[in-house]
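Subject: Structure for your review

Hello,

Here is the structure I said I would pass on. My notes on it follow below the entry.

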Amino acid sequence: MLSLKEVLTNATRERWAVPHFNFANSSMLEALVEAAVEARSPLLVGTSESERDFIGIEQCVALVKSYRDEHDMPIYLNADHTYSVEKAKEAIDAGYDSIHIDLSKESFEDNLRGTKEVVEYAKNKNPEISVEGEIGYLVTDSSTIYKDVIDVPKESLAKPDEAKRFVDETGVNRLAPAVGSIHGIAANKPHLDFELISTLRGLLGDTAFVLHGGSGVTQDEMKKAVQSGISNVHISTDLRVAFVDKLREELEKHKDEYRVYKLLKPEIEEVKKVALYNIELFGSRNKL
Ligand SMILES: [Zn+2]
C-alpha cells in the first residue's frame with residue numbers, strides 16, 4: 001500500500017490532487033470511504049479541532065485505521081487546522097497520519113518557529129507523518145455561507161520569498177499557501193492567482209501544495225489549479241451542506257421514523273455524490 005508521502009509525491013509529479021474531505025461523524029466518514037473505494041482513489045480525511053473533540057481523538061484514529069485495514073487502501077487521517085503546537089502534539093501522540101499546523105494568523109517568525117517545532121516532534125515520533133504548514137491567510141471562516149461578496153486582499157496572499165524560506169527552514173512536507181481561495185461559500189466565486197501558484201511551484205520543487213476552501217472554487221479554476229501544481233485540495237463546506245440539507249429533508253418527510261440508521265442512509269448517499277464529483281475533478285480516480 002502506498003504511504004501518504006508516496007501518494008502526495010505521485011500527485012505532485014503527475015499533476016493530480018489528493019482529496020482532503022472533512023468528516024464530523026461516522027456516517028460522513030462512511031460516505032467518503034465508499035466514494036474512495038468505488039473510484040479507487042487515495043483519500044485523506046480530516047477533522048478540525050472541533051470535529052476531533054466531538055468524535056474523540058483516539059476514536060478518529062481507530063475509525064480511519066479500521067477502514068484502511070479493511071480495504072487495504074491508502075486512507076489517511078489529517079488533523080486539519082490545528083491552531084497550537086500543543087494541539088498538534090496531542091494529535092501526533094494519538095496516532096494521526098498527518099498534521100496541519102495552522103499558525104498563519106501569527107507573525108511570520110512565530111509561524112515559522114512553531115511549525116518547525118511540530119515538524120521536529122512529528123519526525124521523532126514517526127518519520128512517516130506528513131506535516132502541512134500554512135502561510136498567508138484566508139479571510140473567512142470555514143463552513144460559513146456568506147450572503148455578501150468577499151474580496152480577497154492582496155496582502156493576505158502568500159509571498160514567494162517567505163514561502164521558500166518557510167519550507168526550507170521548517171522542513172514541512174506540504175505547504176498551504178493562500179492563493180486567493182476563501183473558506184466557506186460567498187456570494188461570489190473568488191479567483192485564484194495562477195501566476196502565484198506557478199511561481200511557487202517553480203521555487204519549491206516537489207513540496208506538495210494544499211488548497212483550502214475548495215468548496216468556493218469554480219470547476220474551471222479547480223482544474224487549472226491542479227494543472228498548475230496544487231496536489232491536495234480541502235473540501236468541507238460542500239460535504240456539510242449535502243449532509244445537513246438531506247437530513248432536514250428526511251426528518252421533514254418521515255416524521256414517524258425513529259430508526260436512526262434508516263434516517264441517515266440518504267445523507268450518506270448525498271455526501272458520497274459530492275465526494276465522487278470532487279474525486280473526478282481532482283483526477284485522483286484509479287491512482288492507487
Ligand atoms: Zn481549511
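Helix 10 and helix 11 cross in a right-handed sense. The model is a predicted one. The axes of helix 10 (residues 237-253) and helix 11 approach to within 8 Å, at a crossing angle of roughly 150°. Since angles over 145 degrees count as roughly antiparallel, helix 10 is roughly antiparallel to helix 11. On the helix 10 side, the contact is made by Asp238, Leu239, Ala242, Phe243, Lys246, Leu247 and Glu250. Helix 11 contributes Leu263, Pro266, Glu267, Glu270, Val271 and Val274. By class, the residues of this contact between helix 10 and helix 11 are eight nonpolar, no polar and five charged.

One residue of that contact can be followed further. Valine 271 sits in helix 11, which covers residues 260-282. Is valine 271 buried or exposed? It counts as buried, because it has 27 C-beta neighbours inside 10 Å, and the threshold for buried is 20 or more. Leaving out residues up to four places away in sequence, valine 271 touches Met28, Ala31, Leu32, Leu239, Ala242 and Phe243. Leu239, Ala242 and Phe243 are among the helix 10 residues that make the contact with helix 11. For a distance across the chain, the C-alpha atoms of valine 271 and cysteine 60 are separated by 18 Å, with their positions 211 residues apart along the chain.

Two other helix pairs were examined, and helix 6 takes part in both.

Helix 6 (residues 108-125) and helix 7 (residues 160-170) have axes that come within 9 Å and cross at roughly 30°. Helix 6 and helix 7 are therefore roughly parallel to each other, as angles under 35 degrees are counted that way. Helix 6 passes helix 7 with right-handed geometry. The residues in contact are Phe108, Leu112, Thr115, Lys116 and Val119 from helix 6, together with Glu162, Phe166, Glu169 and Thr170 from helix 7. The contact of helix 6 with helix 7 divides into four nonpolar, two polar and three charged residues.

Helix 5 (residues 85-94) is the other partner of helix 6: their axes come within 10 Å and cross at roughly 15°. That angle makes helix 5 roughly parallel to helix 6. The crossing of helix 5 past helix 6 is right-handed. Val85, Ala88, Lys89 and Ile92 of helix 5 meet Gly114, Glu117, Val118, Tyr121, Ala122 and Lys125 of helix 6. Here the residues of the contact of helix 5 with helix 6 are six nonpolar, one polar and three charged.

Next, two backbone angles. Most residues other than glycine have a negative phi. Aspartate 72 is not a glycine, yet has a positive phi of about 50°. Aspartate 72 belongs to the loop between helix 4 (57-71) and strand 3 (75-82). Aspartate 72 counts as exposed, because it has 9 C-beta neighbours inside 10 Å, where 12 or fewer is the cut-off. Histidine 81, also a residue other than glycine, has a positive phi near 35°. Histidine 81 lies in strand 3 and is buried, with 26 other C-beta atoms within 10 Å.

Then there is tryptophan 16. Where does tryptophan 16 lie? It is in the loop between helix 1 (4-14) and strand 1 (18-22). Tryptophan 16 is buried, with 20 other C-beta atoms within 10 Å; 20 is the lowest count that qualifies as buried. Apart from neighbours within four places in sequence, tryptophan 16 is in contact with Ala11, Val226, Phe282, Gly283, Ser284 and Lys287. Tryptophan 16 and proline 190 are 22 Å apart, C-alpha to C-alpha, and 174 residues apart in sequence.

Finally, the chain as a whole. The protein chain has eleven helices and eight strands. Its radius of gyration is 18 Å, close to the 19 Å that the globule rule gives for 288 residues, so the chain is as compact as a globular protein of that length. The C-alpha trace spans about 60 × 45 × 35 Å along its principal axes. Of the 288 residues, 47% are buried. Among contacts between residues at least 6 apart in sequence, 72% join residues at least 24 apart.

Regards

Methods: Residues are numbered from 1 along each chain as its sequence is written. This is a predicted model: local features need pLDDT of at least 70, side-chain atom pairs count only at pLDDT 80 or more; totals for chains, interfaces and linings use all residues. Axes are lines fitted to C-alpha atoms, for helices over the stretch in contact, and angles run from 0 to 180 degrees between N-to-C directions. Helices (H or I, at least four residues) and strands (E, at least two) are DSSP runs, numbered from the N terminus. Angles under 35 degrees count as roughly parallel, over 145 as roughly antiparallel, 65 to 115 as roughly perpendicular and the rest as oblique. A crossing is left-handed if the near helix is turned anticlockwise from the far one by less than a right angle, and right-handed if clockwise. Two residues are in contact if their C-beta atoms, placed from the backbone, lie within 7 Å. Ala, Val, Leu, Ile, Met, Phe, Trp, Tyr, Cys and Pro count as nonpolar, Asp, Glu, Lys and Arg as charged, and the others, Gly among them, as polar. The radius of gyration is taken over C-alpha atoms; the globule rule is 2.2 Å times the number of residues to the power 0.38.
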